[in-house]
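This explanation leads a new reader through the protein displayed below. It is best followed with the sequence and the structure side by side.

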Amino acid sequence: MRAQDCGVYYRTRIAHRSFARRSARGLSARRVRLLATALQPITLVPNESYFGHPKFFKHFSELRLEIGFGAGEHLLAQALAAPHIGFIGCEPYMNGVASLLAKMYTMSKLDNLLIFPSDALLLLDKLSAESFKVIYLLFPDPWHKRRHRRRRLLRSGVLDIFARLLCKEGLLRWASDEPSFVASSLASCCAHPCFRWSANSPADWQLAPSGWCETRYERKAREQGREVCYADFLRY
C-alpha cells in the first residue's frame, strides 16, 4: 500500500475544511507496512454504525478528541495515563500517523485509542452532540499569510462545531507559539457565546497545564525562543 492511499476513501468535499497537508516525504518500508497493517484495526471509518467501533463508544463514559496530533506524543501520553478514558486522534498527515503507529508498535495494545487518518472536519459533523469532554487543538497550522487566515481552525464556523460536540463544562484546549494566531484565536473564542476563557492570571496561559506532555514541535519552538500560549476555554 502506498502512503498516499491510506485515507483515500475519506476524500470528499465539504463546506468546512482544515486544508491540512497529507504527506511531505517518502516513508520507510517499515512505516508503509505499519500503515498497511496496524492502522486499519484502530481506524474510524465513515458511513458505518459508530464507524465500525460500537463497543468503543459504548464502553467509555468519557471521550476526548485531539485534532492534528502530529507525531502523536501528546495523544499517546494521554491515552497511556488514562486507560479509563477513550481517545480519538485525527491527523491527515500520513507521516505523523506512521510515527504514532511506530511508537505504539513497541508497547502493548491500547484499547482506548482510535485514529481518524484524515481531515477532522470530515468526521465531526457525523458525531453526536455532546460527544466529548475535552477537545485538544495543539499547535495547529497558523496559516501565516493574510489571504490564508480564513483557513485557521479556530474560526467561528468551526467553533460552532466544537461547541456542539463538547458536553456542558467540557474543555477546549489549544496551544500555539504564533502571535497572530494566538491573537485571532483568543478574539474568536472570547466572542463565541458558548465558550468562556478559564484564565485568571498570566500564569494560566504562560505555563503548561498539569499533566502536559511536551511535543517535538513545542520543544523546537522553545529552543528558537518563541513563547507558547496555552488556552483553556470551557463550554457552557
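**A path through the predicted model**

Strand β5 is largely enclosed by the rest of the structure, because 9 of its 11 residues are buried. A residue is called buried under 20% relative accessible area, exposed over 50%, and partly exposed in between, as calculated with a 1.4 Å probe on protein chains only. Helices (H or I, at least four residues) and strands (E, at least two) are DSSP runs, numbered from the N terminus.

The model is predicted: local features need pLDDT of at least 70, side-chain atom pairs count only at pLDDT 80 or more, and totals for chains, interfaces and linings use all residues. Residues are numbered from 1 along each chain as its sequence is written, and side-chain values use heavy atoms, with hydrogens and water left out. The average pLDDT (the predictor's confidence in each residue, from 0 to 100) is 83 for the protein, and 81% of the residues score at least 70. Over residues 1–21, however, pLDDT stays under 50; the model has 47 contacts beyond four places in sequence for this segment. Contact means heavy atoms within 4.5 Å.

In total, the protein has 9 helices and 7 strands, and 51% of its 236 residues count as buried. Among contacts with a separation of 6 or more, 79% are between residues 24 or more positions apart.

The pairing of strands can be followed outward from β5. Two strands pair if DSSP finds at least two bridges between them. Strand β5 spans residues 166–176 and runs parallel to β4, to which 6 bridges join it. At one point of this pairing, leucine 138 stands opposite alanine 175 in β5. Strand β4, residues 132–138, has 6 of its 7 residues buried. It is also joined by 3 bridges to β1 (residues 63–67), again in a parallel arrangement; here arginine 64 has valine 134 of β4 as its bridge partner. Strand β7, by contrast, runs antiparallel to β5, with 6 bridges between them, and leucine 171 is partnered there by leucine 234.

Arginine 235 belongs to this same β7, which covers residues 229–235. What is the nearest side chain of opposite charge to this buried arginine? It is glutamate 130, 5.9 Å away, and arginine 235 has no salt bridge. A salt bridge requires a side-chain nitrogen of Lys or Arg within 4 Å of a carboxyl oxygen of Asp or Glu. The side chain of arginine 235 does reach the backbone oxygen of alanine 163, at 2.7 Å. Beyond four places in sequence, its contacts include Leu166, Glu169 and Phe195.

Helix α3 (residues 73–81) has Glu73, His74, Leu75, Leu76, Gln78 and Ala79 as its buried residues. These pack against several elements, including β1, β4 and α9 (216–223).

A final stop is histidine 53, in the loop between α1 (29–37) and α2 (54–59). Is this residue buried or exposed? Histidine 53 counts as buried because its relative accessibility is 17%. Not counting residues up to four places away in sequence, histidine 53 touches Pro41, Ile42, Thr43, Leu44 and Leu114. The C-alpha atoms of histidine 53 and proline 41 are separated by 9.5 Å, although the two residues are 12 residues apart along the chain.

Methods
Lys and Arg count as positive and Asp and Glu as negative; His and the chain ends are not counted. A polar contact is a pair of N or O atoms within 3.5 Å; within protein, one must be able to donate a hydrogen and the other to accept it, and residues adjacent in sequence count only if both atoms are side-chain atoms.
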